[in-house]
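This text walks through side-chain contacts in one protein chain, starting with aromatic rings and ending with charged pairs. Please keep the structure open while reading.

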Amino acid sequence: MSSSSSSRIAPHELWRGVRSTVRSDVTAGVLLLAATVVALILANSPASSWYTMVRDFTFGIPELHLELSVGAWAADGLLAIFFFVVGLELKEEFVSGRLRDPRAAALPIAAAAGGVVVPALIFLLFTAGDPVAAAGWAIPTATDIAFAVAVIAVVGRFLPPALRVFLLTLAIVDDLIAITIIATVYTETIHLPWLALALLPLAGFAVAAQRGVRAWWILLPLALATWVLIHASGVHATVAGVLLGFTVPVRPTARARVRIDRGGKEPVWEGLAPHWADRWGVVATVFAVPVFAFFSAGVAIGGIDGLRAAFLDPLTLGIVVGLVAGKPIGILLTTFLMTRLPSLRLDPSLRWFALTGMSFVAGIGFTVSLLVGELAYGTASAADEHVKIGVLAGSLVAALIGGSLLAISDRRARRA
């Protein structure tokens, strides 16, 4: 065999490398950032009318409450894919991952709760006396996993693995809290007949998944029917993604399992949840979340006067201060108080300086914060425009501060 043929990369190896690159933390953050920057450029350029026309173009099926704008399809439809992956990963963590042992997960779980409560209180202080503005109290409570983990991946090559585990656990619990808030607080009217009907395709999807069915022509119609009926019920349609993810088995069984080839080593069996999280995670990373960001982050700033007006609005200030100050204060204060308990201790490799940097990184609220802003004030409303400016500014400042602190910690760890 010639050297050229022996060095040729097999198709499955090439795909494995491409998928590994796409699934990397840095790639997810770069794609999100690129979509955001392009949206901001278009919204503040001569092409702004084209951008607005495309975002607000409406199509769908009115009888099923599905006559939506392109931006709403991205928020309600594409983000359901993202939340489906979140549901798969949440179940995996509860069954066999970091959240399986409540004692080990107690610190990041408590930190996540503190990181939700304090920013919400700060936002309510800024918007006190304005019940309409106060409706967005949950905007600064979210942590964007893709951006946050991407920052650590870029600046923290020598940071202890326990720090990334702490952030991931915190962000996962944060997502669970955000899902609960969206399903309860931002659901105005629930139409019970539609919700009851949604249980039928959801149950069918669950049975099929438990039996190891992987045929798309069976699973996809059931998933779409669940999404359509939950959307029609008044509950935000992204909740359908989480519920579908929760039905998928995590551990491999005789029926529900996937054979994983390890390149010459003994193959292993994997449950459907981690397998689908890997496959659909690529779709969420490359397509669903960047497209949502593209249609949600495009805000016409209006120059210096527009920025001045936005930052004079208590709503914007509440978001920025909530993300930049509320998140780290809530996370660090809760972690400190919990470690005073005799049964709870931080991992020996963690240092408070690095934890401080991580807590600022957790203030990157991007994806879910933008979604909550749209739910609280309506798409393309004046308040929603200020929400976008506040979320973008607060997330940027939190990323710069957190990234700088983590870079310092990384240099110290590299010297050590």
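The count of aromatic pairs in this predicted model comes to ten. One of them joins F59 and W73, whose rings are stacked, with 5.5 Å from centre to centre and 20° between the planes. The pair counts as stacked because planes under 30 degrees apart fall in that class. F59 belongs to strand 1 (residues 58-61) and W73 to helix 5 (residues 70-96), so this contact ties together parts that are 14 residues apart in sequence. Neither ring belongs to a buried residue: F59 is partly exposed at 40% relative accessibility, and W73 is partly exposed as well, at 21%. The value for W73 is 21%, and buried would require a value under 20%.

A second pair is made by F205 and W276. Their ring centres are 6.4 Å apart and their planes stand at 55°, so the pair is tilted. An angle of 55° is neither under 30 degrees, as stacked pairs need, nor over 60, as edge-to-face pairs need. F205 sits in helix 10 (residues 192-210) and W276 in helix 13 (residues 272-296), so the pair links distant parts of the chain, 71 residues apart. Here both partners, F205 and W276, are buried.

F59 and W73 also belong to a wider group. Together with F57 and W227 they form one aromatic cluster.

Aromatic rings in the model also meet charged side chains. R257 lies over the face of W269, at 3.8 Å from the ring centre. In a second case R412 lies over the face of F353, and the distance to the ring centre is 4.6 Å.

The residue numbers of helix 16 run from 352 to 361, and this helix is mostly covered, with seven of its ten residues buried. The buried residues are A354, L355, G357, M358, S359, F360 and V361. What do these buried residues pack against? Their neighbours are helix 8 (145-155), helix 9 (161-184), helix 15 (314-339) and helix 18 (382-415).

Three of these neighbours, helix 9, helix 15 and helix 18, return in the charged contacts. A search of the whole structure finds five salt bridges. In one of them the side chains of K327 and D174 meet, with 2.6 Å from N to O. K327 is in helix 15 and D174 in helix 9, so the salt bridge ties together parts that are 153 residues apart in sequence. Both of these charged residues, K327 and D174, are buried.

Another salt bridge stays within one helix. The side chains of D305 and R308 meet at 2.9 Å, N to O, and both residues lie in helix 14 (residues 303-311), three residues apart, about one turn of the helix. D305 is exposed, with a relative accessible area of 55%, while R308 is partly exposed at 47%.

Helix 18 holds a further salt bridge, between the side chains of K388 and D384, at 3.9 Å from N to O. This distance still counts because the limit is within 4 Å. K388 and D384 are four residues apart in helix 18, about one turn of the helix. Are they buried or exposed? K388 counts as buried at 2% relative accessibility, and D384 is buried with a relative accessible area of 1%. Salt bridges that share partners join D384, E385 and K388 into one network.

How values were computed. Residues are numbered from 1 along each chain as its sequence is written. This is a predicted model: local features need pLDDT of at least 70, side-chain atom pairs count only at pLDDT 80 or more; totals for chains, interfaces and linings use all residues. Side-chain values use heavy atoms; hydrogens and water are left out. Rings of Phe, Tyr and Trp (its six-membered ring) pair if their centres lie within 6.5 Å; planes under 30 degrees apart count as stacked, over 60 as edge-to-face and the rest as tilted. Helices (H or I, at least four residues) and strands (E, at least two) are DSSP runs, numbered from the N terminus. Buried means under 20% relative accessible area, exposed over 50%, partly exposed in between (1.4 Å probe, protein chains only). A charge sits over a ring if NZ of Lys or CZ of Arg is within 6 Å of the ring centre and within 35 degrees of the ring normal. Contact means heavy atoms within 4.5 Å.
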